[in-house]
Amino acid sequence: MQTSNLLPLILVLAVVAYGLAYMRSRAVAAPLGGIRNLKALPFYYAARAALWCAIPALIVLAVWAGFEGKVIQGIVIASLPQDTWPESAGQASLILSQISNVAAGSLDPEFVPEHIAGAASLLEAMQDKSGNFKAILVVLIAVLGATFAWTRVAPHINARKNVETTLRRIFFVCAALAVLTTAGIVFSVFLETLRFFDRVPITEFLFGTSWSPQTALRIDQIGSEGAFGVIPLFTGTLLISAIALLVAVPVGLLSAIYLSEYASKRMRSTIKPVLEMLAGIPTVVYGFFAALTVAPFIRDLAEIVGLEASSQSALAAGLVMGIMIVPFVSSLSDDVINAVPQTMRDGSLALGATQSETMKKVIFPAALPGIIGGILLAASRAIGETMIVVMAAGLAANLTANPLDSVTTVTVQIATLLVGDQEFDSAKTLSAFALGMLLFIVTLLLNVIALKIVRKYREQYD
Amino acid sequence: MNTMSPSISAEADMQSKGAAVPVPEHKRKDTLMEDKPEDTVIEEGKTVGKPFTDNPKFKLRNVDVSYGADRAIKNISLDIGRNEVIAFIGPSGCGKSTFLRCLNRMNDSIEICRVKGSFELDGQNIYESKRDVVELRARVGMVFQKPNPFPKSIYDNVAYGPRIHGLANRKSELDDIVENSLRKAGLWNEAKDRLDAMATGMSGGQQQRLCIARAIAVSPEVILMDEPCSALDPIATARVEELIAEMSESYTIVIVTHSMQQAARVSNRTAYFHMGHLVEVNKTDTVFTSPQHPLTESYITGRFG
């Protein structure tokens with residue numbers, strides 16, 4: 001039986017176990033004078049039975065499914081005549097795929113050597129057998145587990161405690177899963193980064209001022225040496241992020257102040273959702289807005305005042321990105337400004353301060369740590385943004401501080417390095433991992449600082 | 001016994017329109033003693049005692065305040081004398097804080113709040129549209145229920161008002177204002193060595209005295225206090241009460257309080273509020289020894305509230 005069929009089956013068994021244990025707990029309680037004489041509510045006995053039924057069975061199923069393939073492969077390879085044993089891992093996988101193709105019926109057994117055809121039939125038989133064994137074992141364990149729990153439906157046994165403990169463990173596993181996934185991603189990126197630094201020295205990567213990752217495919221090709229200096233990419237990222245923040249911070253902050261201190265309730269309940277809608281627009285939409293509307297406009301404007309501007313400019317990307325992150329700044333700032341107690345406002349107003357004096361001298365300083373936290377979160381969002389820059393700022397890795405020039409960013413380079421057909425162990429593709437790692441470290445630092453500031457802010461009023 | 005006989009009615013809304021429903025004589029006696037005193041209906045705009053004084057600081061006439069559809073203050077007229085301490089007492093929700101907040105227009109910031117009636121401070125209408133609320137609040141200071149020092153240093157807290165009103169031309173002048181205010185609030189000895197320390201690090205009682213110092217620093221003429229001791233322990237309360245007694249020489253003080261003992265200790269006059277009505281105003285001694293209105297009597301003898 002297929003794993004996909006076993007899962008619903010286990011679920012059904014668990015539901016049955018739940019129902020049976022529920023009824024039994026009521027039956028046990030009846031002669032004693034009702035469920036008040038049980039150590040736990042019937043629900044807990046039932047839930048324990050369901051858990052006993054499902055969890056061991058699922059674990060066995062997972063382990064079996066995890067090792068099934070490898071074990072069968074090993075047996076099939078071992079069954080081949082000794083003289084045809086694969087010599088390398090690559091060869092083994094070739095033979096295996098041939099065998100499994102034959103077994104799956106997509107390759108006619110007559111076209112392959114006899115030992116392969118034999119191995120294919122063995123594979124088929126093994127898979128059948130394994131599937132049957134698995135199904136029987138899993139169902140057996142589910143039934144045994146449920147029976148065990150069923151026998152332990154007794155008035156003196158406290159099922160509530162077991163269920164609570166098990167649930168706590170399930171929650172922990174879920175939380176751990178998220179953490180482990182993050183750790184796994186970071187770890188794999190880290191390993192690839194190390195491989196990259198085998199080929200390109202870390203000092204060249206960190207301090208090199210030119211970025212041109214095109215390496216030659218053949219030895220005799222021109223320009224076989226790639227340049228992997230990350231500085232132009234980071235200046236590009238910083239330039240665009242700085243422009244974005246120059247737009248987003250004043251606009252976001254002032255609109256937050258307007259919304260929280262000046263706007264009427266009705267105004268606020270209209271403007272705030274609309275402002276937050278900006279965050280819901282897909283970045284690719286911002287991207288073509290930037291590329292097709294803003295960038296040409298900036299170029300034309302620059303030409304009018306006699307400046308030279310490329311049709312893709314850091315300014316265009318930065319401006320549009322700034323609009324995109326306005327809601328991050330405004331929404332978070334609005335929240336922290338609102339979190340400043342009303343008594344502060346009253347205290348200041350009662351001393352004869354105007355609304356703007358109150359804002360400037362009392363509310364804003366009190367909310368400042370939270371506002372900075374919001375700005376840093378917006379900054380890490382800006383640094384990580386890719387699509388707008390791809391479309392509006394170009395791909396040229398210019399080391400420049402001129403916002404009218406086209407620049408490129410770390411994320412854009414990562415995207416272009418890995419798009420299309422690539423050789424996955426060249427310095428070019430590996431450099432993407434190094435860039436990713438560096439970007440990860442930078443945004444992580446920003447987030448840590450932001451969280452620290454926000455936490456410090458919290459302590460002030462608690 | 002008094003000028004207004006309390007009438008009892010099941011239909012309160014009729015009463016709020018001012019219609020007096022006659023009640024048979026024999027019933028009236030019983031209900032007074034045995035029905036809940038809250039059920040006693042007050043005739044709107046009728047206040048027992050002496051609500052008016054000669055040459056008042058505040059002259060308040062026919063004040064009506066509503067939050068949306070709820071009428072919080074119902075046609076109240078009252079004078080507040082110069083350099084007197086007047087206490088507002090009454091059960092929760094009776095409108096005394098709302099009324100207090102009208103006196104420096106703190107209700108302006110509440111969107112749904114509508115204030116009607118005439119408010120005169122030294123003969124000038126404080127709700128006139130061209131009137132600057134900043135100037136009014138500089139003259140009528142306020143101390144709140146919960147100590148609310150700004151998260152700044154002690155010095156900056158006291159200097160806040162003088163700075164925004166431009167009361168000091170030099171740093172030394174500002175220093176003097178801060179020192180005087182802290183002295184008047186009885187906080188100088190405790191605070192003089194740590195003027196740069198955060199005000200939020202002080203004890204609750206110190207914080208409340210700091211808020212009083214902060215209010216004094218702009219030299220107001222009237223100080224409104226909204227239950228200033230409700231968040232303080234008895235010792236800190238005693239200090240604030242002493243302070244009120246000292247301050248009454250130079251300021252007019254209006255204090256809202258839930259503690260009748262406090263009202264009796266600190267005030268010259270006492271006003272009793274009930275369900276948005278001003279029921280009785282009299283010398284504090286009179287209110288607490290021989291209240292003229294049955295509701296006042298019930299309240300001060302602890303039958304409700």
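**Close-up views of a predicted two-chain model**

**View 1. Strands β2 and β3 of chain B, side by side.** Seven antiparallel bridges tie strand β2 (residues 58–67) of chain B to β3(B). This is a predicted model, so keep that in mind for every view here. To get your bearings, find B:Leu60, whose bridge partner in β3(B) is B:Leu78. Zoom out a little and the pair turns out to belong to an open sheet of four strands in chain B, ordered β3-β2-β5-β6 with antiparallel pairing. β3 (70–80) and β6 (124–125) of chain B sit at the edges with a single partner strand each, so one side of each has no neighbour in the sheet. As a reminder, strands of a sheet pair through backbone hydrogen bonds, either parallel or antiparallel.

**View 2. The loop that leads into β2 of chain B.** B:Asn55 sits in the loop between β1 (48–49) and β2 of chain B. Its phi is near 50°, which is positive even though the residue is not glycine. Is B:Asn55 buried or exposed? It counts as exposed, because it has 10 C-beta neighbours inside 10 Å.

**View 3. Strand β7 of chain B and its partner β8.** Here the pairing goes the parallel way: four bridges join β7(B) to strand β8 (residues 222–226) of chain B. Look for B:Val143, which stands opposite B:Met225 in β8(B). Both faces of β7(B) are covered. B:Val140 and B:Met142 are buried on one side, and B:Gly141 and B:Val143 are buried on the other. In a regular strand, side chains alternate between the two faces of the sheet.

**View 4. The loop that follows β8 of chain B.** B:Glu227 lies in the loop between β8 and α9 (234–247) of chain B. Phi is positive here too, near 45°, in a residue other than glycine. B:Glu227 counts as buried because it has 20 C-beta neighbours inside 10 Å.

**View 5. Helix α11 of chain A, up against chain B.** In helix α11 (residues 342–350) of chain A, the buried residues are A:Asp346, A:Gly347, A:Ser348, A:Leu349 and A:Ala350. What do they pack against? The answer is α12 (355–384) of chain A, together with α4 (133–139) and β7 (140–143) of chain B. Just past the helix, A:Gly352 takes a positive phi of about 90°.

**View 6. Where the two chains touch.** Chain B puts 20 residues into the contact and chain A puts in 16. On the chain B side, α4, β7 and α5 (154–165) each supply at least two residues. The largest share there, four residues, comes from α5(B). Sorted by character, the chain B side has 10 nonpolar, six polar and four charged residues.

**View 7. Inside the largest nonpolar core.** This core has 140 residues, and those touching the most other members are A:Ala290, A:Ala316, A:Ala317, A:Val320, A:Ala392 and B:Val254. Helix α10 (residues 314–339) of chain A gives the most to this core, with 16 residues. Leaving aside residues up to four places away in sequence, A:Ala317 touches A:Ile240, A:Ala290, A:Ile388, A:Val389, A:Ala392 and A:Ala393. A second, separate core has 29 residues, including A:Tyr22, A:Tyr45, A:Ala49 and A:Leu61.

**View 8. The two domains of chain A.** Chain A splits into domain 1 (3–157) and domain 2 (227–461). The C-alpha centres of these two domains lie 50 Å apart.

Methods:
Residues are numbered from 1 along each chain as its sequence is written. Chains are lettered from A and ligands numbered from 1 in the order in which they are written. This is a predicted model: local features need pLDDT of at least 70, side-chain atom pairs count only at pLDDT 80 or more; totals for chains, interfaces and linings use all residues. Domain bounds come from an automatic or database domain assignment. A residue is buried if 20 or more other C-beta atoms lie within 10 Å of its own, exposed if 12 or fewer, and partly exposed in between; C-beta atoms are placed from the backbone. Two residues are in contact if their C-beta atoms, placed from the backbone, lie within 7 Å. Two strands pair if DSSP finds at least two bridges between them. A nonpolar core is a set of buried Ala, Val, Leu, Ile, Met, Phe, Trp, Tyr and Cys residues joined through C-beta atoms within 7 Å. Ala, Val, Leu, Ile, Met, Phe, Trp, Tyr, Cys and Pro count as nonpolar, Asp, Glu, Lys and Arg as charged, and the others, Gly among them, as polar.
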